[in-house]
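Reader: I am a first-year student, and I would like a close look at a single part of this model rather than a quick tour of everything. Could you choose one part, go through it slowly, and then show me what surrounds it?

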Amino acid sequence: MTKKITINPMTRLEGHGKIEIILDDKGDVKDAFWQVEELRGFEVFCLGRPSEEMPRIVPNICGVCPSAHHMASTKALDRVWGVEPTPTAKLLRQLEYNAFYIEDHYIHFFFLAAPDFILGPDAPVAERNILGLLGKVGREIGEKVIDIRKRNRDIIRLLFSKAPHPEGGLPGGMPRGITEQERAVIQETASMSQDFAQFAIKLFKDLVLGDKSCLALIKNPAYSLETCYMALVGENNKASFYEGKVRVIDTRGEQIAFFDPDDYVSHVGEWVEPWNYIKLTHLRNLGWKGLVEGEGTSLYRVGPLARLNVADGMATPLAQKEYEIFFDTLGGKPVHNTLAMHWARLICALQAAEHNKIIADMPELTSRDIRNMNLNLKRKGVGCVEAPRGTLFHHYETDDKGFLTLINLVVATQHNAAPICLSVKKAAQEFIKGGEVREGLLNRVEMAFRAYDPCLACATHSVPGRIGLRLVIRDADGKVLREVS
């Protein structure tokens, strides 16, 4: 008889979702689904508002990646209002965005992902968390993580008033500049961030790559998925977080698309399934082919692994060195090993730290020329950044007074949604056999989605016909009187 296993709630991620695993008569996995059952409606309830309000509203989509939405929104406003930020404004934005990258990537690696490797996937669930991790690696490392995140969040707070939900992004510039006194603090933080990034990568090499069982887990075919990849690239096709062109490669690493973010609609298709509130994306010119991997698939992945696969190299020297070690260790490009995203994430954090060290010393950083006020309403704009979780598009259109008439958000977890479903299914099929189901095996299934660092609140924009709410009315004794759905 067919049996269903439900992992609900999924753990160590942003948002609320569940995994349904369907077993056949032998107790092997027949199918599996990754489902997100919450809904945000930002694309609808922001319609009719002044476009300038968006950088203050969209950071509230999520508590994990508010800076990414804030920056994509601010860049979209640049386009809507036909204005180019001043050079100093652009430096300040990149400074803030790199700081966000650093603190975001470390909260995922140390708090959410590392316990699976450093404590092991079979460790007691009560210990497989940040407290268990600190017990293993020591309080001193934990204090370093907290300190470096705090220092970088202080940079976000300095430039955009709040770290949890920054605000103040303005078309053409910044709400404030920095002083020479503040530069000194930023230089210190940037230098410490670079040192910590190198320390974190060494820790990963020692504790994860140095453990044969962990390395085998990363290379396990259950955690390999052959998809295309998408990411922003800058000058000379080097990895870029703030700006650039969008590059797409196929499963063999060949470039199949290279486009300006303004043209994303020609390349990114959105697909609605009735079992999920997330709109699944695919490469439009290949068409929707369903949840399939391998040569010819129209599915692609974004995020840290995609950034390394898509780029011809990293934009800073220390990160470039680690990029080369990454591909030498894992057999060359493209790397399809899903769990390698954790390693790639640390390399991206190193590039962000190195870049901020460069910016902190630039003379024009403290210029007072922080905003271009030559506004010229164009009524349409696409803002694109490489969010920590992957490529993020904000598309706004307005009336002749600047009030919003169209909003489309295409976020990283949408790009990854279909591959996450496939990754969960492959892991379930590998680890659950003959009806044996125990917590450690289910955690191995969760590790498949956890690598993507999905942000479920950001990604849910679709109502497939009805709200999936089930109302249960019970009497005082708990007896069900009526169910409405």
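Author: Let us take the hairpin that strands E10 and E11 form, with two residues between them, and keep in mind throughout that the model is a predicted one. Strand E10 covers residues 380-387, while strand E11 covers residues 390-398, and the two pair in the antiparallel sense over eight bridges. One of the partnerships can be named, since Glu 386 has Thr 391 in E11 as its bridge partner. Strand E10 is mostly covered, with seven of its eight residues buried. As background for reading any strand, the side chains in a regular one alternate between the two faces of the sheet.

The hairpin also leads us to an open space in the model, the largest pocket, whose volume is about 490 Å³. Of the 20 residues that line this pocket, Lys 75, Arg 79, Glu 84, Glu 243 and Val 382 are the closest to its centre. Two elements, H3 and strand E10, give two or more residues to the lining of the largest pocket, and E10 gives the most, with five residues. Sorted by class, the lining of the largest pocket has ten charged residues, seven nonpolar ones and three polar ones.

A closed space can be described in a similar way, for a search of the whole structure finds one cavity of 30 Å³ or more, and about 70 Å³ of space lies in it. Its lining includes Ala 387, Arg 389 and Leu 392, along with residues such as Cys 65, His 69, Cys 455 and Cys 458. The elements that give two or more residues to this lining are helix H3 (66-80) and helix H12 (412-431). By class, the lining of the cavity has eight nonpolar, two polar and one charged residues.

Strand E11 deserves its own attention, and here an aromatic ring is the place to start. The rings of Tyr 264 and Phe 393 have centres 4.9 Å apart and planes at 20°, so this pair is stacked. The pair links distant parts of the chain, because Phe 393 belongs to strand E11 whereas Tyr 264 lies in the loop between strand E6 (255-259) and strand E7 (268-271), 129 residues apart. Tyr 264 is buried, with a relative accessible area of 2%, and Phe 393 likewise counts as buried, at 0% relative accessibility.

This pair can be set beside another, given that a search of the whole structure finds 17 aromatic pairs. Phe 42 and Phe 45 form a tilted pair, with 4.8 Å from centre to centre and 50° between the planes. These two residues are three apart in helix H1 (residues 42-45), so about one helical turn separates them. Phe 42 is buried, with a relative accessible area of 8%, whereas Phe 45 is partly exposed, with a relative accessible area of 43%.

Returning to where we began, the picture is of a hairpin of E10 and E11, in which E10 contributes five residues to the lining of the largest pocket and E11 holds Phe 393, the ring partner of Tyr 264.

Terms used:
Residues are numbered from 1 along each chain as its sequence is written. This is a predicted model: local features need pLDDT of at least 70, side-chain atom pairs count only at pLDDT 80 or more; totals for chains, interfaces and linings use all residues. Side-chain values use heavy atoms; hydrogens and water are left out. On a 1 Å grid over the protein atoms alone, a cavity is a set of points where a 1.4 Å probe fits but cannot get out, and a pocket is an open set with protein on both sides within 12 Å along at least five of seven lines; lining residues have an atom within 4 Å of a point. Grid points are joined across faces, edges and corners, and a volume is the space filled by probe spheres set on the points. Helices (H or I, at least four residues) and strands (E, at least two) are DSSP runs, numbered from the N terminus. Ala, Val, Leu, Ile, Met, Phe, Trp, Tyr, Cys and Pro count as nonpolar, Asp, Glu, Lys and Arg as charged, and the others, Gly among them, as polar. Buried means under 20% relative accessible area, exposed over 50%, partly exposed in between (1.4 Å probe, protein chains only). Two strands pair if DSSP finds at least two bridges between them. Rings of Phe, Tyr and Trp (its six-membered ring) pair if their centres lie within 6.5 Å; planes under 30 degrees apart count as stacked, over 60 as edge-to-face and the rest as tilted.
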